[in-house]
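Colleague: Please pick one part of this model and go through it closely. I would like to know how its pieces are arranged.

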Amino acid sequence: MKKFGIIAAAVAMIATAGGATLTQAEEGKSGGTLVIGTTQKARHLNPAVQSGIATAVPGTQIFATPLRFDENWQPQPYLAESWSVSDDGKSITLNLRKNARFHDGKPVTSEDVAFSLQTVKDNHPFKSMFAPVTGVDTPDANTAVINFDKPHPAAFLAMSSALLPIIPKHVYGDGQDAKTHPANSAPVGSGPFKFSEFKPGEYIILEKNPDYFIEGRPYLDKIIIKNYKDPTSLALATDKGEVTMYPFLGTSKDIARLKKSDNVIVTDRGYEAVGPLNWLEFNTKNEYLKDKRVRQAIAYAIDRNFVVNALLGGQSKAATGPIVPGSPFYAANAQKYDLDLDKANALLDEAGFPRDADGMRFKLTVDYIPNGSELQKGVAEYLKPQLKKAGIAVDLRASPDFPTWAKRVSGHDFDMSMDIVFNWGDPVIGVHRTYLCDNIKKGVIWSNTQSYCNEEVDALLLQAGSELDQAKRIALYNQAQEIIVDEAPIAYLNVLPYHTAYSKKVGNPPMTIWGAMAPMDEVFLK
């Protein structure tokens, strides 16, 4: 068997399951209701056809996946009690638990794995995630062999969290469109919690699965995911104890407020695989922005320390490239665009855009995601006076709602836009999509909306995506990042200040690399 990227230690052997206990987990006690607060409104509860936090948090409780990951980026058994990788890296054999059942009592089989993977491949927006899959063999009910046309080291992370929920073929295989299937709003899974009730925009109620395949779990009797109209009201509810867990807490004033609470613990752990980046992207087809010197100048004109410390209250960290610090693939040596207005002005002069009598060179518009006042509108408003120092006039263009913003950006009808994009664990899943030439797809948000294309970057990313040697893979991604950062299709600003606030009564809070987008079968109330 071959070593396989970041999970080398685990796939160099055949993993075996026991209780799938994660590192340093406390022995829990049964009973109680966990109330999770959110401002995210789920459209439905099936992560197989929908990405995003709103679907992932409940979806990972309802649906089990082949694997789960611990806090050290290592895969752990879940529905697959063991696995092996072929010597050429072109197939992964999953040995499924024999005691796993869906919530309606039907057994989970290799046919369900094959059906689920094909459903995700056909419907999920992350097309690169399972693009190399050529098919799944099912020699018996408890063995699934996933075949690839080339080695695919991202496959293990893609088989965890919300990315490969195992959905029942006997429910979804009735010929209806998976994206609009009625079961999406009343799903049947095999995870630690069963669907009970869903009132869109208000709440989701999940109840303990008494027939869960890991003995003695879950500990909780119930999980209620309750919607709040805004982060401030949710923070107040958390402080008062009405909410026992607030994941994806991202506003600096609310983080600071809850850190002062006597009854709440606040941590930034659990978002390592999410890799959430806040950035300013450029339309490289724009008459000014097509010159990389202009893009570099804008990057040099932005004071990331001011963004992190003044605008975000010191609760965030600066971002310097396509991959977040903390990832095994982060390129620490890539160019850093520290604030340098002299260099910014010199680059703009060199690019042939002198100041006019008013001291300005040209005008650009900045779009931003609505309803993200601190990270989006707040930073966009900062850019207006800041870029003026380099002679660039900035107009802010507000969108009335998210679909309007998404249509503008995905339609390449923008000059510059603020955006928030996740790494999703492995670069193949969440990073490649932003830079590959063949992912310049009008109408598709969170694709290569900058129209950036460099064949050398393409070659490096594609080679890294199928390289089994971890050191070589890291080196390839470092090369790609150095080129991308130099060419600056994006000015990277900060890592989102995601935190989890939870009551001191909560034991084993979700601290793995997927945080609250992982099964909470070990969480308990003290």
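Modeller: A strand here is a DSSP run of E at least two residues long, and a helix is a run of H or I of at least four, both numbered from the N terminus. Two strands count as paired when DSSP finds at least two bridges between them. The model is predicted, so local features need pLDDT of at least 70 and side-chain atom pairs 80 or more, while totals for chains, interfaces and linings use all residues. Residues are numbered from 1 along each chain as its sequence is written, and side-chain values use heavy atoms, without hydrogens and water.

The part I chose is an open sheet of six strands with mixed pairing, in the order β14-β18-β13-β17-β15-β16. Its edges are β14 (317-318) and β16 (392-397); each has a single partner strand, so one side of each has no neighbour in the sheet.

Further in, β13 (residues 276-282) and β17 (residues 416-422) run antiparallel and are joined by seven bridges. Within this pair, Glu281 is opposite Ser417 of β17. Helix α11 (residues 373-388) packs on the sheet and touches β13, β15 (362-367), β16, β17 and β18 (490-495). Touching means contact, with heavy atoms within 4.5 Å. The direction of α11 makes about 140° with that of β17. Such angles run from 0 to 180 degrees between N-to-C directions, with axes fitted to C-alpha atoms, for helices over the stretch in contact.

For comparison, there is also an open sheet of four strands, β4-β5-β7-β6, with antiparallel pairing. Its edge strands are β4 (80-85) and β6 (133-140), each pairing on one side only.
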